[in-house]
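Hi everyone, thanks for making time this morning. I'd like to walk you through one structure, so have a look at the screen.

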Amino acid sequence: MRSWERWKRRCGTSRKLVRSGRQCVNRALQCVLLVAIPMCASRLSAQSAAIVSNAQPQDALIVLQMGACERRCPVYKIVIFADGTTIYEGRHYVTKPGVVRGKMSLDTLGKILADADALRFYGLKQRYAPVEAVNEAALSGECLTPKSDAPSAILTVSAKGRSNTIVHFRGCSGADAVRLTQFEDRIVSAANIAKLTR
């Protein structure tokens, strides 16, 4: 009887029961949907956030070219795309000449891009090498006590509409030059190509 009394109170008297029964059921459904939809939406958004959390910017691109030196340093190029695809091209003095495709995890790519941000890569000078001409001085960062026998690297990093290409003589000392060398080494390690170059 108690449930019937509750039903009567919510849906009206027995005279109006037939007429208002549909309205009562519709109200009940609306209440259920008003509660259920936001809960489902929040769960779906949390799931989609988890799925997308390791995605990287669609314009992400890293290109590292290692040049020659007097002692036959390995000469190669590595390209890393936004989906984690890597393309290695061994040119001279490498264990594996030619093209090798690989795959890098999106988390690893995200860490490299985060390292670029931490290094303030996009704001660095375009050249860290001994200055040979007066017009190069404005574009050059400091290259203290350069070693004569060291390879050069050309590094391009693009992401989120930002891009910078730096020519870096790896024999330079100085804070930025040393951090660039460490960053390039992390890229080589993350791309897992060390075994192909030596």
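I'll talk about the sheet, and then about the pocket. Please keep in mind that this is a predicted model.

Let's begin with the sheet. How many strands does the open sheet have, and in what order do they come? There are 7, they run S4-S3-S2-S1-S6-S7-S5, and the pairing is mixed. At the edges sit S4, residues 98-103, and S5, residues 127-128, and each of these pairs on one side only.

Now find S1, residues 61-66, and look at its two neighbours. With S2, residues 75-81, S1 runs antiparallel, and 6 bridges join the two. S1 also pairs with S6, residues 152-159, again in the antiparallel sense and over 6 bridges.

If you like to follow single residues, try Gln 65. In S2, its bridge partner is Lys 77, and in S6 Gln 65 stands opposite Ile 154. Another one to click on is Val 63, which stands opposite Val 79 in S2.

On to the largest pocket. Its volume is about 280 Å³. Which residues lie nearest its centre? They are Met 66, Tyr 76, Arg 170, Asp 185 and Arg 198, out of 15 that line the pocket.

Two helices, H4 (175-190) and H5 (194-197), are the elements that give two or more residues to this lining. H4 gives the most, with 4 residues. As for chemistry, the lining holds 8 nonpolar, 3 polar and 4 charged residues.

That's my tour, and I'm happy to go back to any part of it.

Conventions:
Residues numbered from 1 in each chain as written. Predicted model: local features only at pLDDT ≥ 70, side-chain atom pairs only at ≥ 80, totals over all residues. Heavy atoms only, no water. 1 Å grid on protein atoms, 1.4 Å probe; cavity = no way out; pocket = protein on both sides within 12 Å on 5 of 7 lines; lining within 4 Å. Points joined across faces, edges and corners; volume = space filled by probe spheres on them. Nonpolar A, V, L, I, M, F, W, Y, C, P; charged D, E, K, R; others polar. Pairing = 2+ DSSP bridges.
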